[in-house]
Amino acid sequence: MNQALEDLLVLLDLEQIEEDIFRGVSRSALVPRVFGGQVAAQALVAAGRTVPDDRPAHSLHAYFLRPGDPGAPIVYSVDRIRDGRSFTTRRVVAVQHGQPIFHLSASFQTYEEGLEHQAGMPPAADPETLPTAAETLPRHLPPEVAERLLETRAAVDLRYVDDPPWATVGQPREPRSQVWFRTAGKLADDSLLHVCLATYVSDMTLLDSVLLAHGRGGWAVGDVVGASLDHAMWFHRPFRADEWLLYDQESPSSSGGRGLGQARIWTQDGRLAVTVIQEGVVRVPR
């Protein structure tokens with residue numbers, strides 16, 4: 001486990017300051033605001049800490065309300081909406097400077113047998129054959145930008161199957177992107193932790209496919225400005241975030257200064273683990 005992953009695990013280990021009230025801090029991001037994946041992961045940690053261990057998360061729905069201040073703590077207040085026989089529902093509001101910056105609803109379920117089917121896993125290159133981020137980013141980005149992006153993603157081994165958006169600026173492509181990812185080290189056998197880390201990573205590349213459709217390089221090169229608006233995830237089957245996961249992403253639409261990304265996350269042996277949908281602001285600077 002590298003130092004960046006250790007620091008991320010500390011970041012997700014929220015301080016409990018009252019019953020159902022937790023406090024977290026932030027880490028640096030590529031842009032001067034709190035990384036959305038961090039807030040979503042911390043909010044899910046807060047919700048999960050009020051739920052019995054035998055009820056794993058099966059879905060979350062979230063809205064990003066205001067940019068987070070990376071220099072200030074974030075207070076997460078959990079509302080115990082419902083504790084049923086099979087399902088538990090929690091609502092979490094993240095607050096900074098007296099104002100809500102993020103809202104999350106999450107549902108948890110006891111394990112039960114049921115009907116089973118899934119879509120087929122799409123083809124993708126073996127992750128071990130793909131270049132690492134440290135090999136890819138410096139080839140396409142200015143040194144200071146590449147270094148900053150590598151720093152913000154150092155807790156995760158993230159590998160693009162095809163060229164990332166900033167490698168093909170000015171060349172519109174099919175609005176689809178694939179990355180393999182896993183944490184940069186082994187994790188404890190804690191199902192909530194693995195779900196929260198996948199939530200953290202899910203906000204890193206989901207809007208890449210929107211950029212590809214228009215030949216834009218994205219926030220790293222400054223030819224668009226953007227931010228996450230909402231985020232939804234469904235956790236279908238158990239998985240480990242410290243083993244290779246394929247993040248298959250596409251964009252069916254962009255309009256009105258917004259872009260939609262939808263994705264599926266697969267285990268390396270072909271099990272559909274997670275479905276993700278996100279809409280974000282995607283604007284061309286004036």
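## Two non-glycine residues with positive phi

Asp20 comes out as buried, with a relative accessible area of 12%. This is a predicted model, so treat everything here as computed from predicted coordinates. Asp20 sits in the loop between strand E1 (15-18) and strand E2 (21-24), and its phi is positive, about 70°, although Asp20 is not a glycine.

His97 is another non-glycine with a positive phi, this one at about 50°. You'll find His97 in the loop between strand E5 (87-96) and strand E6 (99-109). Is His97 buried or exposed? His97 has a relative accessible area of 60%, and because the cut-off for exposed is over 50%, His97 counts as exposed.

## Tyr247 and its aromatic partner

Search the whole structure for aromatic pairs and you get 4. One of them joins Phe181 and Tyr247, edge-to-face, with 6.2 Å from centre to centre and 75° between the planes. Why edge-to-face? Because planes over 60 degrees apart fall in that class. The pair ties together distant parts of the chain: Phe181 belongs to strand E8 (residues 176-183) and Tyr247 to strand E10 (residues 245-255), with their positions 66 residues apart.

As for burial, Phe181 has 1% relative accessibility and counts as buried. Tyr247 is buried too, at a relative accessible area of 0%; both values fall in the buried class because its limit is under 20%.

Tyr247 has plenty of company once residues up to four places away in sequence are set aside. Its contacts include Ser177, Gln178 and Val179 as well as Phe181, and also Val201, Ser202, Thr205 and Leu206. Ala263, Arg264, Ile265 and Val276 are on the list as well. With Ser202 there's a polar detail to look at: the Tyr247 side chain reaches the Ser202 backbone oxygen at 2.8 Å. Over towards Arg159, 88 residues away along the chain, the C-alpha to C-alpha separation from Tyr247 is 10 Å.

## Thr267 in strand E11

Thr267 lies in strand E11 (residues 258-267). With 5% relative accessibility, Thr267 counts as buried. Which residues does Thr267 touch, leaving out those up to four places away in sequence? They are Met121, Phe239, Trp244, Leu245 and Ala273.

## One cavity

At a threshold of 30 Å³ or more, the whole structure yields 1 cavity, and its volume is about 40 Å³. The lining is made by Pro131, Thr132, Ala133, Thr136, Leu137, Arg153, Leu158, Arg159 and Tyr160. Helix H3 (133-140) and strand E7 (156-160) are the elements that give two or more residues to it. By class, the cavity lining breaks down into 5 nonpolar, 2 polar and 2 charged residues. Arg159 is one of the lining residues, and it's the residue whose C-alpha lies 10 Å from that of Tyr247.

## The largest pocket

The largest pocket has a volume of about 990 Å³. There are 29 lining residues, and Gln109, Phe235, His236, Arg237 and Pro238 are the closest to the pocket's centre.

Which element gives the most to this lining? That's H5, with 4 residues. Strand E3 (57-64), helix H5 (191-202) and strand E9 (225-235) each supply at least two. In terms of chemistry, the pocket lining holds 12 nonpolar, 9 polar and 8 charged residues.

Terms used:
Residues numbered from 1 in each chain as written. Predicted model: local features only at pLDDT ≥ 70, side-chain atom pairs only at ≥ 80, totals over all residues. Heavy atoms only, no water. Phe/Tyr/Trp six-rings, centres within 6.5 Å; stacked < 30°, edge-to-face > 60°. Buried < 20%, exposed > 50% of the residue type's maximum accessible area, 1.4 Å probe, protein only. 1 Å grid on protein atoms, 1.4 Å probe; cavity = no way out; pocket = protein on both sides within 12 Å on 5 of 7 lines; lining within 4 Å. Points joined across faces, edges and corners; volume = space filled by probe spheres on them. Nonpolar A, V, L, I, M, F, W, Y, C, P; charged D, E, K, R; others polar. Contact = heavy atoms within 4.5 Å. Polar contact = N/O pair within 3.5 Å; in protein donor to acceptor, adjacent residues only side chain to side chain.
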